[in-house]
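Here are some notes for a colleague opening this entry for the first time. They begin with the ligand and end with the aromatic rings.

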Amino acid sequence: MQASDDLIKDFFLQQAELFTDEFYFEEKKEAEIPMNVLDWNELEPKVLSCTKCELSKTRTKVVFGYGKRNAELLFIGEAPGQREDLQGEPFVGRAGHLLDDILAAIQLNRAQVYIANILKCRPPKNRTPHADEIASCEPYLMNQIDLIKPALIVCLGLTAAKTLLRIDYTLRQMREKIYNYHGVDLVVTYHPAALLRNPGLKKYAWEDFQKIQKMYKQKTGSI
Ligand code: URA
């Protein structure tokens, strides 16, 4: 047992020497930005009428995204819930109200940022998105990112982080690093729904949002 532990340790030390201590975050390739990026006028109707996956059969409204279309700050959640599905707007339920409160605490509001989800349609009973649904929907989000050109992307929760970064770590591990997503800084923090379920996490989320505010200030000089 000891010998195999030593072997594993040696392997990681060698890899770290070769590739720096961040090598293990690069294990899978990010998705390619689509070559044919549509403008907003082409993209929005295409997404609103999408039938690429089964969720189109059960959704009420497609939740395209909300906010400033050239925002410096882009928040990405998981998928619409019941309220979002009815209203066609992301984060308008309980988790959304908490997100609004957190944004207000760093002197921002939802009209100053852009808010999107990995999936544009609600999974039945709010179940976790399936891989094929993510694969169908991700190009729409990538197109949005390419149009928005944010200075900072904030992944709210593991689904968004794992989808964009192609890595499989715990949220605790991921929130400690600033990632580079196609040249854009990207940070990961807790999903507001996780904060509602587990209020003990709020102090860590607050640390993250103070970091986000600082990065936003540095990038824009605006707050
Ligand atoms: N949770 C999400 O991830 N997105 C929403 O829009 C609402 C709840």
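1. In this predicted model, the backbone of Ala-79 has a polar atom 3.0 Å from a nitrogen atom of the ligand. A second backbone contact involves Phe-91, where a polar atom is 2.9 Å from an oxygen atom of the ligand.

2. A side chain also takes part: a polar atom of the His-191 side chain lies 2.7 Å from a ligand oxygen atom. The ligand taken alone exposes 240 Å², and the protein buries 91% of that area.

3. Which residues are around the ligand? They are Gly-77, Glu-78, Ala-79, Glu-84, Pro-90, Phe-91, Asn-117 and His-191. Sorted by class, this shell has 3 nonpolar, 3 polar and 2 charged residues.

4. As for the site itself, the ligand takes up the space of the largest pocket.

5. How many aromatic pairs does a search of the whole structure find? The search gives 3. One of them joins Trp-40 and Phe-64 in an edge-to-face arrangement, with 6.0 Å centre to centre and 80° between the planes.

6. This pair links distant parts of the chain, its members being 24 residues apart. Trp-40 belongs to helix H2 (residues 40–48), while Phe-64 is in the loop between helix H3 (55–58) and strand E1 (66–67).

Technical notes: Residues are numbered from 1 along each chain as its sequence is written. This is a predicted model: local features need pLDDT of at least 70, side-chain atom pairs count only at pLDDT 80 or more; totals for chains, interfaces and linings use all residues. Side-chain values use heavy atoms; hydrogens and water are left out. A residue is near a molecule or strand if one of its heavy atoms lies within 4 Å of it. A polar contact is a pair of N or O atoms within 3.5 Å; within protein, one must be able to donate a hydrogen and the other to accept it, and residues adjacent in sequence count only if both atoms are side-chain atoms. Accessible areas come from the Shrake-Rupley method with a 1.4 Å probe; for residues, only the protein chains shown count as cover. On a 1 Å grid over the protein atoms alone, a cavity is a set of points where a 1.4 Å probe fits but cannot get out, and a pocket is an open set with protein on both sides within 12 Å along at least five of seven lines; lining residues have an atom within 4 Å of a point. A molecule sits in a cavity or pocket if more than half of its atoms lie within 2 Å of its grid points. Ala, Val, Leu, Ile, Met, Phe, Trp, Tyr, Cys and Pro count as nonpolar, Asp, Glu, Lys and Arg as charged, and the others, Gly among them, as polar. Rings of Phe, Tyr and Trp (its six-membered ring) pair if their centres lie within 6.5 Å; planes under 30 degrees apart count as stacked, over 60 as edge-to-face and the rest as tilted. Helices (H or I, at least four residues) and strands (E, at least two) are DSSP runs, numbered from the N terminus.
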